[in-house]
Amino acid sequence: MPRNLSKSRLIEFRQCPKRMWLQIHHPEQRQADPDTQARMDIGNEVGALARTLLAPAGDGILFDTQQEGYAAVFERSMVSLQARRPLFEAGFQHGSLFALVDALLPTDSPAGWRLIEVKSSANVKDHQRDDLAIQAFILRQAGVQLEAAAVATIDSTWVYPGGGHYQGLLKQTDLLDEARAREAEVQDWRDAALQVCEQPEPPSVAMGAQCTAPFACPYTQHCQAAAAPADAGITAPIEWLPGHQSSGLRAFVTTHKPRSMAELPDSLLSPMQRRVKHATLSNTPWVDSAALQPLLKGLAWPLHFLDFEAVQFAIPRWAGTRPFEQIPFQYSLHTLESDGPQGRLTHTDFLDLSGQDPRRPLAQQLASDLGNSQGSVLAYNKGFEGMVLRALAAQFDDLAPALSAIEARLVDLLPITRATYYHPLQQGSWSIKRVLPTIPGQTGYAALGSVADGQAAVQAYLEGVRLAETDPHQVNHLAQALRAYCEKDTAAMVALWKYLKGVSASA
Ligand code: SF4
């Protein structure tokens with residue numbers, strides 16, 4: 001019996017034929033991923049809002065395959081074309097392909113339609129163009145007279161005026177001509193995908209860049225486990241080299257298929273890559289103590305260690321904010337009063353789980369905590385802290401002088417660390433979470449529990465805000481976890497700075 005393929009399976013096939021095969025034959029191997037679920041939740045939220053924006057008169061017809069079943073939706077969708085009303089999640093089938101479309105709007109002509117695929121990203125991506133081409137092909141073959149086909153994305157320059165007025169949030173990019181020109185491509189994908197579906201075994205595909213782009217593949221653990229026997233014993237994988245995707249290195253890897261960085265000639269590597277290679281192969285940390293001295297010398301006392309946590313919303317919540325704007329809701333601030341073993345270390349922080357716009361109270365407290373002080377403000381990757389401070393200064397005129405002065409005092413500990421320190425346990429990463437456990441006497445983030453990285457912090461923030469009115473006990477628990485996590489980040493910076501300072505003094 002011929003197999004039916006959904007648009008989603010075909011998009012999976014475009015990412016990786018093995019992914020599609022596994023999804024069809026072994027969906028039980030799929031690994032649940034909170035990040036993917038969070039992205040799907042955002043997509044659903046944007047989709048629901050889009051329906052109100054695209055049918056402001058409230059006359060849209062919504063289809064639901066879960067309730068009605070696919071066959072009924074396909075049939076009712078074709079019948080509903082006669083109603084000339086906006087259709088949402090309508091289903092169409094042609095041969096072995098079918099698709100559910102986000103929105104289909106009647107045009108001014110008697111039988112014309114505008115297809116709209118709604119996405120929660122800021123720009124149209126290549127896989128979304130594929131997505132639209134597949135839908136346009138199916139609809140045209142099913143007899144729908146398409147006069148336009150667009151991808152609706154979020155306009156990240158739009159500013160939310162408040163009051164639930166979201167007209168202007170979505171911008172549409174019309175791609176009908178492109179979609180029409182790709183019909184032959186779509187048919188080729190379909191034919192190739194159907195062939196793969198029928199194979200009794202998964203296609204042989206090596207893990208690579210396709211495992212993370214355009215989506216993180218939910219079969220990564222399955223494929224890693226399958227590859228594990230072959231990779232057993234490799235203690236210096238090439239992926240640990242910074243910039244291992246550079247064209248020169250990729251060409252060598254494609255031709256010679258090395259499995260370890262030991263097989264890479266030094267002549268092909270940058271100084272940084274050579275450092276990582278030799279530290280890894282010799283299992284010896286590398287420190288450039290002489291280079292550290294001038295880098296650390298210019299710091300002014302007392303030293304402040306600052307870290308923000310921020311959340312982004314595809315659909316802005318607060319008036320005056322843009323989609324995807326980084327909204328800081330928390331910071332941690334350690335201050336080291338003076339050098340030497342007697343130097344007093346103090347800590348303060350800010351966290352807002354009220355569900356109100358946290359920017360002004362955060363900016364006010366930060367200006368009070370740091371605005372009148374002296375000394376360098378250390379961040380780890382100061383580009384982020386600087387961006388947050390500039391945005392706050394632009395928003396609040398009265399606080400701008402204090403916030404701009406804090407920004408001017410920022411010093412970035414990340415490039416200093418990257419230029420002077422590498423430990424084999426970092427496995428190619430200079431994230432503070434990887435660096436901290438390599439410092440003598442320090443432990444990593446594992447003991448923190450549920451909030452141990454930035455993504456988990458955002459989820460905890462959203463959960464805390466959601467429960468703010470109903471579950472103070474759980475909100476208190478989340479607040480403690482968030483505070484512990486953010487404090488750990490700045491405490492890690494203090495520990496790293498002390499270690500580097502000690503090393504530089506011994507040079
Ligand atoms: S993990 Fe990579 S190789 Fe395996 S199915 Fe997914 S994309 Fe394909």
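In what order do the five strands of the open sheet lie? The views below come from a predicted model.

**View 1. An open sheet of five strands with mixed pairing.** The strand order is 11-10-9-12-13. Strand 11 (345-351) and strand 13 (410-412) are at the edges; each has a single partner strand, so one side of each lacks a neighbour in the sheet. From one strand to the next, the twist averages 25°.

**View 2. The pairing of strand 12 with strand 13.** Strand 12 (residues 377-379) and strand 13 run parallel and are joined by three bridges. Ala 379 has Asp 412 of strand 13 as its bridge partner.

**View 3. Helices lying across strands of the sheet.** Helix 13 (residues 359-370) lies across strand 9 (303-311), strand 10 (327-336), strand 11 and strand 12. Its direction is at about 15° to strand 10. Helix 18 (residues 454-466) lies across strand 9 and strand 10, and runs at about 60° to strand 9.

**View 4. The crossing of helix 16 and helix 19.** The axes of helix 16 (residues 413-420) and helix 19 (residues 472-505) come within 12 Å, crossing at roughly 45°. Helix 16 is therefore oblique to helix 19. The crossing is left-handed.

**View 5. Residues in the contact of helix 16 with helix 19.** Helix 16 contributes Leu 413, Thr 417 and Thr 420. These meet Met 493, Leu 496, Trp 497 and Leu 500 of helix 19. By class, the contact has five nonpolar and two polar residues, with no charged residues.

Terms used:
Residues numbered from 1 in each chain as written. Predicted model: local features only at pLDDT ≥ 70, side-chain atom pairs only at ≥ 80, totals over all residues. Pairing = 2+ DSSP bridges. Helix = DSSP H or I, 4+ residues; strand = E, 2+ residues; numbered from the N terminus. Axes fitted to C-alpha atoms, helices over the stretch in contact; angles between N-to-C directions. Contact = placed C-beta atoms within 7 Å. Parallel < 35°, antiparallel > 145°, perpendicular 65-115°, else oblique. Left-handed = near helix turned anticlockwise from the far one by under 90°. Nonpolar A, V, L, I, M, F, W, Y, C, P; charged D, E, K, R; others polar.
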